[in-house]
Amino acid sequence: MTHKLAPAWANILRGNLLNTVKKLAAEGLGTMFLLATVVGSGIMGESLAQGNDALALLGNSVATGAILAVLITVLGPISGAHFNPAVTFSFALRREIAPALAAAFVGVQVLAAIAGVILAHAMFDMDLIQPSVKERTGVGQWLAEGVATFGLVATILGTLKVRPTAVAAMVGLYITAGYWFTASTSFANPAVTVARGLTNTFSGIAPNDIAAFVVVQFLAAAAATLLFRWLTPADEGR
């Protein structure tokens, strides 16, 4: 009996490992394309806008919202399409992703985000790594990042509750709006924040300003998660 069970368990383990690898690959691919779009559209927008920052931001925001809708639609069925450590943190708090897998997601997201920045620079024949000198600091910026991240996580959790098939569209729309109504232009993503410290272009952030953004983003994600735990306790079974 033991000999018969061994192959079955081996197949299960191989299947679980392959499934995990696919999830990590999807998170990496999605996050890389997200950052390539954020940085690349910023470079293109600034180049074509001829000094008009409003036009540059418009191009940057529309491209980012659009790519999010595409990536979430395509990769969501594989990994859940987090592409964001704050989102992964939220689902870990909800016990919908195991801690070890959540940690692996975050590691892949950060590395893939950096790869996306490098890819964008390469496409525009720029230095691959160029630390930003663009300062983004102060109470207004931190508050803006808190609002941006809280709203993003709330959008995801709320849409999952009422219309799961609309998550891709709602996230894309929210981030597009967030570029315009927040003082920080809505990073709302620790991996994005870290990676944008490596681009001295339209979308950059000075490395010294990253830590405060990341702390606020995680705190806001926790607040949104706790709010929706209170709003829908029966649905979460907790």
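Select helix 3 and helix 8 to start. Helix 3 passes helix 8 in a right-handed crossing. The model on your screen is predicted. The axes of these two helices cross at roughly 35° and come within 9 Å.

Now show the side chains where they meet. On helix 3, pick Pro-85, Ala-86, Phe-89, Ser-90 and Leu-93. On helix 8, pick Gln-217, Phe-218, Ala-221, Ala-222, Thr-225 and Arg-229. Colour this contact by class. Seven of its residues are nonpolar, three are polar and one is charged.

**Stop two: Ser-90**

Stay on helix 3 and centre on Ser-90. Is Ser-90 buried or exposed? Its relative accessible area is 1%, so Ser-90 is buried. Which residues does Ser-90 touch, leaving aside those up to four places away in sequence? They are Val-153, Leu-157 and Thr-225. Thr-225 was on the list for helix 8 a moment ago. Val-153 and Leu-157 belong to helix 5, which spans 139-162.

**Stop three: helix 3 against helix 4**

Keep helix 3 and add helix 4. Two packed helices are described by the angle between their axes and the distance between the axes. For helix 3 and helix 4, the angle is about 175° and the axes lie 9 Å apart. An angle over 145 degrees counts as roughly antiparallel, so helix 3 is roughly antiparallel to helix 4.

Select the contact next. Helix 3 brings Pro-85, Thr-88 and Ala-92. Helix 4 brings Ala-102, Phe-105, Val-106 and Gln-109. By class, the residues here are five nonpolar, two polar and no charged. Pro-85 also appears in the contact with helix 8.

**Stop four: the cores**

Zoom out. How many residues does the largest nonpolar core have? It has 46. Select the residues with the most contacts inside this core: Leu-34, Leu-35, Ile-72, Phe-83, Leu-152, Val-171 and Ile-175. Then colour the helices. Those that give two or more residues to the core are helix 1 (2-49), helix 2 (53-79), helix 3 (85-93), helix 4 (99-123), helix 5 (139-162), helix 6 (167-181), helix 7 (190-196) and helix 8 (210-231). Apart from this core lies another, of five residues. Among them are Phe-187, Ile-205, Phe-213 and Val-214.

Return to Leu-35 and show what surrounds this residue. Beyond residues up to four places away in sequence, Leu-35 touches Gly-40, Ala-113, Gly-116, Val-117, Val-192, Ala-195 and Arg-196.

**Stop five: two alanines in loops**

Find the loop between helix 2 and helix 3, and select Ala-81. Phi of Ala-81 is near 55°, a positive value in a residue other than glycine. Ala-81 has a relative accessible area of 8% and is therefore buried.

Move to the loop between helix 6 and helix 7, where Ala-188 sits. Phi is positive at Ala-188 too, near 55°. Is Ala-188 buried or exposed? Its relative accessibility is 0%, so Ala-188 counts as buried.

**Last stop: Gly-140**

Finish on helix 5 and pick Gly-140. Its relative accessibility is 44%, so Gly-140 counts as partly exposed. Now add Thr-182 and draw a distance between the two C-alpha atoms. The separation is 9.1 Å, though Gly-140 and Thr-182 are 42 residues apart along the chain.

How values were computed:
Residues are numbered from 1 along each chain as its sequence is written. This is a predicted model: local features need pLDDT of at least 70, side-chain atom pairs count only at pLDDT 80 or more; totals for chains, interfaces and linings use all residues. Side-chain values use heavy atoms; hydrogens and water are left out. A nonpolar core is a set of buried Ala, Val, Leu, Ile, Met, Phe, Trp, Tyr and Cys residues joined through side-chain atoms within 4.5 Å. Buried means under 20% relative accessible area, exposed over 50%, partly exposed in between (1.4 Å probe, protein chains only). Helices (H or I, at least four residues) and strands (E, at least two) are DSSP runs, numbered from the N terminus. Contact means heavy atoms within 4.5 Å. Axes are lines fitted to C-alpha atoms, for helices over the stretch in contact, and angles run from 0 to 180 degrees between N-to-C directions. Angles under 35 degrees count as roughly parallel, over 145 as roughly antiparallel, 65 to 115 as roughly perpendicular and the rest as oblique. Ala, Val, Leu, Ile, Met, Phe, Trp, Tyr, Cys and Pro count as nonpolar, Asp, Glu, Lys and Arg as charged, and the others, Gly among them, as polar. A crossing is left-handed if the near helix is turned anticlockwise from the far one by less than a right angle, and right-handed if clockwise.
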